[in-house]
Amino acid sequence: MSLRKGSFIPEDLEKPRTRSVLESTENCLDPENRYPSWMEGRSERPQHPELNGLATPSPDACSHHFCHFTPKCFLTVHRGANGTSVRSTPSHFGEDGWHEGTTKTTIRVENEVEAQREANNYKFGFRKWKGNVTERPIEDRSEIVKELYTDLSIVKPREGSVVTVGNIAYVFLFGWWISLFYILICPLMFLTIFGAPYGKLCLKMALYLVWPFGKAIVKGSDANMKPTNCERISSQKDDEDLAEDGDCAPLLVSSPILTEIPVPPLPEKRASNYWCRVSTYIWLLLGYPVLAVVHFLACVLSWLPVFSIPVAKMNFRILTTVLLMAPEEVQIKKQEMNLLREIRVTLYCCQAFNMYYYKYTIQGINIFALNLLPLVFMTLIVGYTDHDHAYLNSETMFAIAITSIIPLSYYIGMGIASISAQSNFAVGAVVNATFGSITEITFYITALLRGHHAGTKCYEEIVKAALTGTLLGCILFIPGICMTIGGIKHSEQRFNSRSAGVSSALLFISVGGVFAPTLFSKTFGNLVCESCSNIPGNASVPFTCKDCHYDTSQADPHLILTHIEPLVYTISVLLPASYLIGLIFTLKTHSHIYDIHISEGHGGHSHGCLSSVSHPVVHWSRWKALAVLIVATALMACCADLCTENIEPILTHSSISQYFIGVTVLAMVPELPEIVNGIQFALQNNISLSLEVGSCIAVQVTMIQIPLLILFNAFYDVGFILVFSDIHLWASIFSVILVNYIFMDGKCDYFQGTALVVVYLILLALYFFAPSPRSC
């Protein structure tokens, strides 16, 4: 065995090792990946006397082996001056504004697919996606996340008491009634005589399930609770032993060599006669079916709220493992307070609730989106079978139908991110431009069709209110809530004011184009007044009118055909053209505004990490993601149809303004996944992406969705005219001006975010107290 020059690693040990090695060396680099942690505060490299100073690890060597064992990709982007600085980079384009005062920040990702996903997040016109699109090894996750995926078979050294609010809540929500069923089954088993051992088991489990925390269920043959890891002591062994035990070998040869303590072999297991007993079949016939229903119900009830998933896991393990064991094999032991190592048992649960389960994913799908998926199918079944509303009234049906849109929006977003991360720029841009607006477009077209068939303009007004509500929410609420939450955690956050300026300019263009027909109608339309009153013969009383407005429907039809419609069609061409110009400007000719760079190493040292990464395992392949997009879009159309079908009673009999319903529920519910993404970016001090989340949706609403509605109306006339009410006009113009003022200096805090949220709430109050549209 030989040592490589300048390294402590034997050549025959330079091969990828298991996570046990990596965890022992994960602190080799400091947070900025420049020097080994043991060099902090020293002016020279430390020498190892046992090797006579012949080999001293260098930062390059340390980072090399870190890259070799855990190859990572690094996405480097520019942020403001108070971001996590790695190195400063002057402008390469002769611009002495934003570029000279910025620093590069290295974002750590697992592979080239995740690097592509992160890069897409910074591209104009691409929907922002926070979650991973590839499988992430559990070994690379934090201890908090690892705890979420445990199967409740490991007992770890515990600190603190198991008497918590969540565990006490378990007793009142689950413990008492589950134990009650065991108490009822217990005498039944004793009455059968042969089932007496299971009667004792029921009594034992009843006491356990009232308060299972801090107790372990172990098999009788494993009552000593074997440790999960081998014990080791220091000794001076041959180098050959080190090579043979690669999984537990230290990274540095200078460390004491570890050897394994001989462990006596386990006694041979005796053949079980479990299936040869009469009591087993009595139990499976009388006791187990009832308890299976009880535990299955407990699993469902505890799984759906997400945060009580540990209770669901415990019930599932009892159902599938504990209740199928021989009764004499089931032993319950309390956890030792002085436990020094992990031990493996049959079942161990120390907490009923875990607030971090919002991070829990299955095959890359967030647990909330997964739990809401059955609601989608229930909505479709009930909605298309219960036409007479015998089971659910219209209001309830509308509520569950609009809620069903939330998980479908999530699946569409994940499908878009998966395809974009595995494709080139052209494919990603097309997918984002089409499926990125499919949720809203599906609902708008469905509502316009229903209004056209019903012969009412009320649905058109609802669509216009939803369009305006989405615009206001993306301009004010999403940036505001992200600034507020991110500012509370990070005090002050900085973002790329140049890229924000591009989005702001496009918002000015789009708002001006969208509301140009409205200004045209005010100039050339007829002033119509209603509720006019006067007293005949009494000239002293003035002639008064109320509810005066400009109405193009009362205008000369020739004026509409020759002026307003051509104006609308012209705008529907200019807006997508502006969107395309924005894509070319930000992604091709002036891509340095975003300054996205994929780095292959630490701190300027490139070690070819990207080239050495084996092909990552994606959650959804491109074809699977495309299939999900198609199915989710079809389900979205059905849910949107049920929404518009069941919203009619709300529009006609509700005391709330239809304007308010459109700008809140119909506009913002489908955007909840995007809001969550923006908040997560802000919490990670990446406010730039949080702001781009709202700007991206707002630009797509005005430059893609509205032109598509005009195009649809041109081929199938549903009476959609691009003329908005005054409240929509002035609210949108004021919001765009305000947000451009906030974005001027390239930094934000929770005060500015609160200001945007308060303005948004003021506008909502304006819509709430506004009278309903005349057509409703």
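# A guided tour, starting at helix 10

Select residues 367–385 to bring up helix 10: with 19 residues at 1.5 Å a residue, this helix should span 27 Å, and its end C-alpha atoms lie 29 Å apart, which agrees. Keep in mind as you look around that the model is predicted.

**Stop 1: around helix 10**

Which residues of helix 10 are buried? Colour I367, A369, N371, L375, V376, T379, L380, V382 and G383, and you have them. A general point helps when reading such a pattern: an α-helix has 3.6 residues a turn, so residues three or four places apart point the same way. Now show what lies over these buried residues. The cover includes helix 8 (278–303), helix 9 (309–320), strand 12 (365–366), helix 11 (394–421) and helix 19 (622–646).

**Stop 2: helix 9**

From that list, pick helix 9 next. Its 12 residues should span 16 Å at 1.5 Å a residue, and the end C-alpha atoms are 16 Å apart, in agreement. Is helix 9 largely enclosed or largely open? Nine of its 12 residues are buried, so the rest of the structure largely encloses helix 9. To see them, select I309, P310, V311, A312, K313, M314, N315, I318 and L319. Their cover includes helix 4, helix 5, helix 6 (196–210), helix 8, strand 10 (347–349) and helix 10.

**Stop 3: A169 in helix 5**

Helix 5, one of the elements covering helix 9, runs over residues 165–191 and holds A169. With a relative accessibility of 25%, A169 counts as partly exposed. Draw a distance from A169 to F353: although 184 residues separate them along the chain, their C-alpha atoms are 9.0 Å apart.

**Stop 4: two loops with a positive phi**

In general, most residues other than glycine have a negative phi. Two residues to visit here go the other way. Select L152 first, in the loop between helix 4 (143–148) and strand 4 (154–155). L152 is not a glycine, yet its phi is positive, at about 60 degrees. Its relative accessibility is 8%, and L152 therefore counts as buried.

Then move to Q363, in the loop that links strand 11 (361–362) with strand 12. Q363 is not a glycine either, and its phi is about 55 degrees. Is Q363 buried or exposed? At 52% relative accessibility, Q363 counts as exposed.

**Stop 5: V218 in strand 5**

Residues 215–219 form strand 5, where you will find V218. V218 is buried, with a relative accessible area of 1%. Measure across to S153: the two residues are 65 apart along the chain, and 9.5 Å separates their C-alpha atoms.

**Stop 6: helix 25 against helix 26**

Select residues 726–742 for helix 25 and residues 750–769 for helix 26; the two pack at an angle of about 175 degrees, with axes 11 Å apart. Helix 25 and helix 26 are therefore roughly antiparallel to each other. Which residues meet here? On the helix 25 side they are I727, H728, A731, F734, S735, L738 and I742, and on the helix 26 side Q752, L756, V759, L763, L766 and Y767. Of the residues in this contact, 10 are nonpolar, three are polar and none is charged.

Stay in helix 25 and pick out S735. This residue is buried, with a relative accessible area of 0%. Beyond neighbours within four places in sequence, S735 is in contact with L472, I475, L476 and L763.

**Stop 7: T468 in helix 14**

Helix 14 covers residues 458–490, and T468 is found in it. T468 is buried as well, at 2% relative accessible area. Setting aside neighbours within four places in sequence, you can show its contacts by selecting F724, H728, S732 and Y767. Two of these names, H728 and Y767, also appear where helix 25 meets helix 26. For a last distance, try T468 to Y659: they are 191 residues apart in sequence and 9.8 Å apart from C-alpha to C-alpha.

**Stop 8: the whole chain**

Zoom out and show everything. The protein chain has 26 helices and 19 strands, and 51% of its 776 residues are buried. Among contacts between residues at least 6 apart in sequence, 80% join residues at least 24 apart. Switch on the surface to finish: its accessible area is about 37,100 Å², with 63% belonging to carbon and sulfur atoms.

Definitions and conventions: Residues numbered from 1 in each chain as written. Predicted model: local features only at pLDDT ≥ 70, side-chain atom pairs only at ≥ 80, totals over all residues. Heavy atoms only, no water. Helix = DSSP H or I, 4+ residues; strand = E, 2+ residues; numbered from the N terminus. Buried < 20%, exposed > 50% of the residue type's maximum accessible area, 1.4 Å probe, protein only. Contact = heavy atoms within 4.5 Å. Areas by Shrake-Rupley, 256 points an atom, 1.4 Å probe, with all protein chains shown as cover. Axes fitted to C-alpha atoms, helices over the stretch in contact; angles between N-to-C directions. Parallel < 35°, antiparallel > 145°, perpendicular 65-115°, else oblique. Nonpolar A, V, L, I, M, F, W, Y, C, P; charged D, E, K, R; others polar. Expected span 1.5 Å × (residues − 1).
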